[in-house]
Amino acid sequence: MSSSTQTIPERTNIPRHVCVIMDGNGRWAKKRLLPRVMGHKRGLTALENLAARCAELGVEYLTVFAFSTENWRRPEDEVSFLMKLFLQALDGKVAKMHQNNLRLKVIGNRGRFPAAIVDGIEAAERLTANNTDLTLTVAADYGGRWDILQAANQLIAEGKSEITEDDLSQRLSLAEAPEPDLFIRTGGETRISNFMLWQMAYAEFYFTDALWPDFDAAEFDRAISSFRVRERRFGRTSEQLPPEQQRS
């Protein structure tokens with residue numbers, strides 16, 4: 001992962017890396033007088049559709065926040081359902097991902113997940129490891145602060161007395177991926193909620209009121225349209241940008 005604070009990334013009309021906080025599942029279900037868990041189930045379909053659209057447009061990396069380190073605080077029955085849904089997705093969706101040439105990665109602390117989920121994650125990552133159309137990364141029991149701390153602890157264990165930005169970046173969970181170009185949060189909230197704190201230094205933010213189960217290809221295309229007209233200066237002035245990159 002190259003650093004946007006050290007080098008200027010190449011400007012593209014399609015972001016190489018999109019990251020998403022999939023917010024609003026529970027509210028979507030509540031509006032329809034359904035149990036909250038039904039919103040999560042419908043949200044899985046929205047994720048499948050988004051991954052397909054990203055692959056179609058040429059996005060290389062899609063990273064989604066599925067379950068944060070703080071989400072363990074949710075009601076026990078909801079957490080239990082999310083674990084079952086995660087396992088069902090690993091059992092029922094990975095073969096299709098593999099057929100579609102999509103790669104799956106899961107980042108986060110796996111220590112609190114049931115053994116069946118850990119085994120499913122490892123099997124899915126092995127199966128899809130060489131696929132090239134899109135890398136879908138699911139952040140589960142993940143937090144941005146946890147990510148930085150685990151990277152720092154790796155460096156301590158290696159005996160590093162001084163740490164550079166490159167040292168830390170190369171030990172983060174997504175070291176192999178470029179920094180996110182576009183961050184999307186659905187559901188009307190406008191915060192990043194401990195997601196990829198280090199990596200999003202120069203991401204473009206896009207917030208939408210659409211609840212996650214309603215976030216379809218048309219909503220995503222609106223986010224892409226917004227991204228395309230942003231001035232990505234990375235510390236420079238507008239006048240230093242090529243004319244085609246300047247905001248009219």
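Is Ser226 buried or exposed? In this predicted model, Ser226 has a relative accessibility of 18%, and because values under 20% define the buried class, the residue counts as buried. Ser226 belongs to helix H8, which comprises residues 217–228. Its side chain forms a polar contact of 2.9 Å with the side chain of Arg230.

The protein chain as a whole contains eight helices and six strands. Along the sequence these elements are arranged in the pattern β-α-α-β-α-α-β-α-β-α-α-β-β-α. Of the 248 residues in the protein chain, 50% are buried. Contacts within the chain often link distant parts of the sequence: among those between residues at least 6 apart, 75% join residues at least 24 apart.

The positions annotated in the UniProt record were examined next. The unreviewed entry assigns the feature "active site" to Asp23 and Asn71. These two residues span 49 residues in sequence, yet their C-alpha atoms are no more than 12.3 Å apart, so they gather at one spot. Both Asp23 and Asn71 are included in the lining of the largest pocket. The same UniProt entry, also marked as unreviewed, places the feature "binding site" at Asp23 and Glu204. Of this second pair, Asp23 is included in the lining of the largest pocket.

Asp23, which appears under both annotations, is located in the loop between strand E1 (17–21) and helix H1 (25–31). With a relative accessibility of 16%, Asp23 counts as buried. When residues up to four places away in sequence are not counted, Asp23 touches Arg185, Thr186, Gly187, Glu189, Ala210, Leu211 and Trp212. In addition, the side chains of Asp23 and Arg27 are joined by a polar contact of 3.5 Å.

Asn71 occupies the loop between E2 and H3. Its relative accessible area is 16%, and Asn71 is therefore buried. Apart from neighbours within four places in sequence, Asn71 is in contact with Ala66 and Val79. Val79 is itself one of the buried residues of H3. The other residue of the "binding site" annotation, Glu204, lies in strand E6, formed by residues 204–207. Glu204 has a relative accessibility of 14% and likewise counts as buried.

Helix H3 was then considered in its surroundings. This helix (residues 76–92) has 17 residues and reaches 24 Å from its first C-alpha to its last, close to the 24 Å expected at 1.5 Å a residue. Its buried residues are Glu78, Val79, Leu82, Met83, Leu85, Phe86, Ala89 and Leu90. Because these residues cover an arc of only 160° around the axis, they fall on the same side of H3. The spacing reflects a general property: an α-helix has 3.6 residues a turn, so residues three or four places apart point the same way. The face turned away from the buried side carries the exposed residues Glu76, Asp77, Lys84, Gln88, Asp91 and Gly92.

The covering of the buried residues of H3 draws on both helices and strands. Among the helices are H2 (36–57), H4 (94–99) and H5 (115–128). The strands include E2 (61–68), E3 (102–107) and E4 (134–142).

Technical notes: Residues numbered from 1 in each chain as written. Predicted model: local features only at pLDDT ≥ 70, side-chain atom pairs only at ≥ 80, totals over all residues. Heavy atoms only, no water. Helix = DSSP H or I, 4+ residues; strand = E, 2+ residues; numbered from the N terminus. Expected span 1.5 Å × (residues − 1). Buried < 20%, exposed > 50% of the residue type's maximum accessible area, 1.4 Å probe, protein only. Arc of directions from axis to C-beta. Contact = heavy atoms within 4.5 Å. UniProt positions renumbered as here; feature names shortened; annotations may be inferred. 1 Å grid on protein atoms, 1.4 Å probe; cavity = no way out; pocket = protein on both sides within 12 Å on 5 of 7 lines; lining within 4 Å. Polar contact = N/O pair within 3.5 Å; in protein donor to acceptor, adjacent residues only side chain to side chain.
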